2 protein chains.
Amino acid sequence: MDPIRIAVVGMGKIARDQHLPAISGNPNFNLAATVSPNHGGEPGIPHFKTLDELLESSTGVDAVSLCTPPQVRYELAVSALRAGMHVFLEKPPGATLSEVVALTARADKVGTSLFASWHSRFAAGVAPARAWLSERVIKDVKIIWREDVREWHPGQDWIWEPGGLGVFDPGINALSILTHIMPSPVFLNTATLSLPANRAAPIAADIQFRDTAGTPIHMDLDWRQVGPQSWDIIVETDAGQLKLSNGGAVLSLPSGVERNEDMEYPGLYARFATLIRGGRSDVDLDPLRLVADAFLRGKRQSVEEFHD
Amino acid sequence: MDPIRIAVVGMGKIARDQHLPAISGNPNFNLAATVSPNHGGEPGIPHFKTLDELLESSTGVDAVSLCTPPQVRYELAVSALRAGMHVFLEKPPGATLSEVVALTARADKVGTSLFASWHSRFAAGVAPARAWLSERVIKDVKIIWREDVREWHPGQDWIWEPGGLGVFDPGINALSILTHIMPSPVFLNTATLSLPANRAAPIAADIQFRDTAGTPIHMDLDWRQVGPQSWDIIVETDAGQLKLSNGGAVLSLPSGVERNEDMEYPGLYARFATLIRGGRSDVDLDPLRLVADAFLRGKRQSVEEFHD
């Protein structure tokens with residue numbers, strides 16, 4: 001089979017750190033072009049300032065990965081779908097739920113593949129955690145997601161703007177794991193969002209979820225953590241404790257600890273190739289819906305100003 | 001066919017003004033009980049303080065209408081579905097999207113009917129407006145929804161709490177009409193929410209939507225209107241202007257004005273009976289999803305305190 005000719009749109013940190021290596025490591029894909037108004041391209045690969053310039057060129061492209069901030073992703077996705085391309089959406093898949101629903105309808109109509117990616121679901125410990133939990137009675141879940149925003153998102157102003165998710169930008173990774181490993185649907189009970197007095201998005205959140213089996217699920221989400229960082233999900237069951245740490249990479253079970261190689265983005269691109277070859281889409285809105293619910297239902301409190 | 005024995009839960013203003021008359025006017029239903037911790041019942045009809053008390057009694061009930069504030073609706077719906085009852089949800093169907101998704105899954109499993117009602121869709125002008133627009137090219141839509149909260153929601157503190165929708169409580173009626181009459185999916189572009197300094201929910205909102213055909217849709221939502229009130233949707237098309245006024249009751253077309261009798265709640269109960277008799281559910285989340293998107297993506301501004 002011919003490789004899928006793919007273009008990467010938005011050449012920021014995540015594109016260079018994750019997408020380019022995953023694409024070059026997967027024989028299903030050939031990097032055909034890069035697009036970015038502000039960043040340069042790769043040696044020997046056609047580079048364009050805008051997606052429109054790429055579409056007007058003679059460069060053959062079958063698929064695009066959209067790695068831009070979510071606020072501009074819808075327009076780019078529509079242009080790509082109109083041109084008959086398959087579309088890989090970085091997380092979150094859009095700035096609103098309704099635009100992603102609209103995109104999904106459009107992709108179905110055009111018959112191309114739309115993939116709303118959730119990279120943390122491909123962390124090494126997540127699939128075995130899901131399998132282990134499917135046979136257990138779950139009593140309680142705690143999510144502790146505490147990191148230093150200055151270290152992980154230096155100068156990324158868009159995450160603080162309306163449509164950026166603030167601390168839910170990392171927090172949605174935890175929710176993508178949670179909704180994947182829990183056997184019953186999860187919904188939001190109460191939320192308190194802490195917003196810096198000078199910012200439009202939360203820097204911390206305290207959320208109580210539940211699943212339809214009645215399991216309490218608590219989430220402690222904080223971007224003000226200095227010192228040791230935590231990306232942990234701890235699940236108490238009738239057969240003892242399961243712990244996913246390092247964002248899903250390390251799985252601790254009563255029987256011992258499993259550490260495996262990080263395969264998040266390689267896993268995503270393997271999945272994208274499968275979707276394209278099979279003529280299917282994969283758009284799961286559960287994580288973004290829970291975030292929207294937190295904004296809809298959450299109580300807001302004002303906290304100390306944040307300066308980068 | 002035997003009438004459906006129905007209980008009304010939450011005997012506030014909307015239950016007395018709309019639900020009881022619609023139920024007594026529909027031969028498919030018999031009012032079997034009422035439930036309310038704070039309000040009294042109807043002469044000759046069994047009355048209970050809580051839904052649990054009704055369920056523990058020997059009163060035969062096939063269906064419930066939940067007319068309580070949305071913040072407590074989920075628990076009541078779960079109890080009713082567990083007891084094998086059909087459930088009618090007043091709008092909005094819940095305090096979060098995820099809880100309604102969870103309810104829908106549960107109703108599907110139990111095999112009972114779940115109906116997320118949007119009463120404005122049954123306003124007299126809405127069905128003919130939808131039919132007329134399906135054959136037109138739509139150029140522009142303006143929603144003007146301006147009312148006096150003191151007149152329409154006197155002392156209803158729950159609408160200002162987190163999980164209450166503020167001005168989106170009436171605004172979601174406009175959105176339920178919009179998403180019903182527009183031929184293409186609608187999504188949110190930008191929103192500005194105005195919150196009184198002493199309240200958790202917006203008193204006004206200015207929103208720009210679009211549909212997938214590119215039509216601009218502007219919404220002006222305000223609870224501070226004194227004097228003449230507006231519940232208007234104005235649609236410019238290639239065949240002239242369509243105007244829905246009085247919340248959908250009056251339809252103005254280039255050919256003239258149609259005024260018909262208000263049949264909103266009778267229409268809802270006719271629909272609910274059809275769903276129950278046919279073993280089906282009807283849960284359309286589009287209006288609530290657009291509201292969640294406004295909370296997710298919207299810019300917030302603080303405005304003058306509101307005192308009832």
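User: How much area do domain 1 of chain A and domain 2 of chain A bury between them?

Analyst: The size of an interface is often given as the accessible area lost when the parts come together. In this predicted model, domain 1 and domain 2 of chain A bury about 750 Å² between them, with 63% of that area on carbon and sulfur atoms. On the side of domain 1, A:Q71, A:K91 and A:P92 lose the most area to domain 2 of chain A, and together they make up 53% of what that side buries.

User: Where do the two domains of chain A begin and end, and how many residues of each are in contact?

Analyst: Domain 1 of chain A runs over 4–116, and domain 2 is made of 120–262 + 292–303. Their C-alpha centres are 27 Å apart. At the interface, 7 residues of domain 1 of chain A are in contact with 10 residues of domain 2 of chain A.

User: Which UniProt annotation covers residues 4–114 of chain A?

Analyst: An unreviewed UniProt entry annotates residues 4–114 of chain A as "domain: Gfo/Idh/MocA-like oxidoreductase N-terminal"; such annotations may be inferred rather than shown by experiment. Over residues 4–114, chain A is 38% helix and 22% strand, and the end C-alpha atoms lie 15 Å apart.

User: How many salt bridges are counted between domain 1 and domain 2 of chain A, and which residue forms a salt bridge with A:K91?

Analyst: The count is 1 salt bridge between these domains. A:K91 forms a salt bridge with A:D169, and the closest N and O atoms are 3.8 Å apart. This pair qualifies as a salt bridge because the cut-off is 4 Å. Across the same domain interface there are 2 residue pairs in polar contact. By class, the side of domain 1 of chain A that touches domain 2 has 5 nonpolar, 1 polar and 1 charged residues.

User: What is the peptide bond from A:K91 to A:P92, cis or trans?

Analyst: Most residues other than glycine have a negative phi, and most peptide bonds are trans. The bond from A:K91 to A:P92 is cis, with omega near -10 degrees. A:P92 lies in the loop between β5 (86–89) and α4 of chain A. In chain B, the bond from B:K91 to B:P92 is also cis, with omega near -10 degrees, and B:P92 is in the loop between β5 (86–89) and α4 (97–110) of chain B.

User: What is the sign of phi at A:N246, positive or negative?

Analyst: Phi of A:N246 is near 55 degrees, a positive value in a residue other than glycine. A:N246 sits in the loop between β12 (240–245) and β13 (250–253) of chain A.

User: How should the interface of chain A and chain B be read, and what area is buried there?

Analyst: The same kinds of value apply. Chain A and chain B bury about 2,700 Å², of which 61% comes from carbon and sulfur atoms. In chain A, A:S98, A:L296 and A:R297 lose the most area to chain B, together 25% of what that side buries. The contact involves 32 residues of chain A and 32 residues of chain B.

User: Which polar links join the two chains, and which element of chain A gives the most residues?

Analyst: Between chain A and chain B there are 2 salt bridges, including one between the side chains of A:R210 and B:E75 at 2.4 Å, N to O. There are also 10 residue pairs in polar contact. Elements that each supply at least two residues to the side of chain A include α3 (73–82), α4 (97–110) and β8 (186–196). α9(A) gives the most, with 9 residues. By class, that side has 17 nonpolar, 6 polar and 9 charged residues.

Technical notes: Residues numbered from 1 in each chain as written. Chains lettered and ligands numbered in written order. Predicted model: local features only at pLDDT ≥ 70, side-chain atom pairs only at ≥ 80, totals over all residues. Heavy atoms only, no water. Helix = DSSP H or I, 4+ residues; strand = E, 2+ residues; numbered from the N terminus. Domains from an automatic or database assignment. Contact = heavy atoms within 4.5 Å. Buried area = accessible area lost by both parts, 1.4 Å probe. Polar contact = N/O pair within 3.5 Å; in protein donor to acceptor, adjacent residues only side chain to side chain. Nonpolar A, V, L, I, M, F, W, Y, C, P; charged D, E, K, R; others polar.
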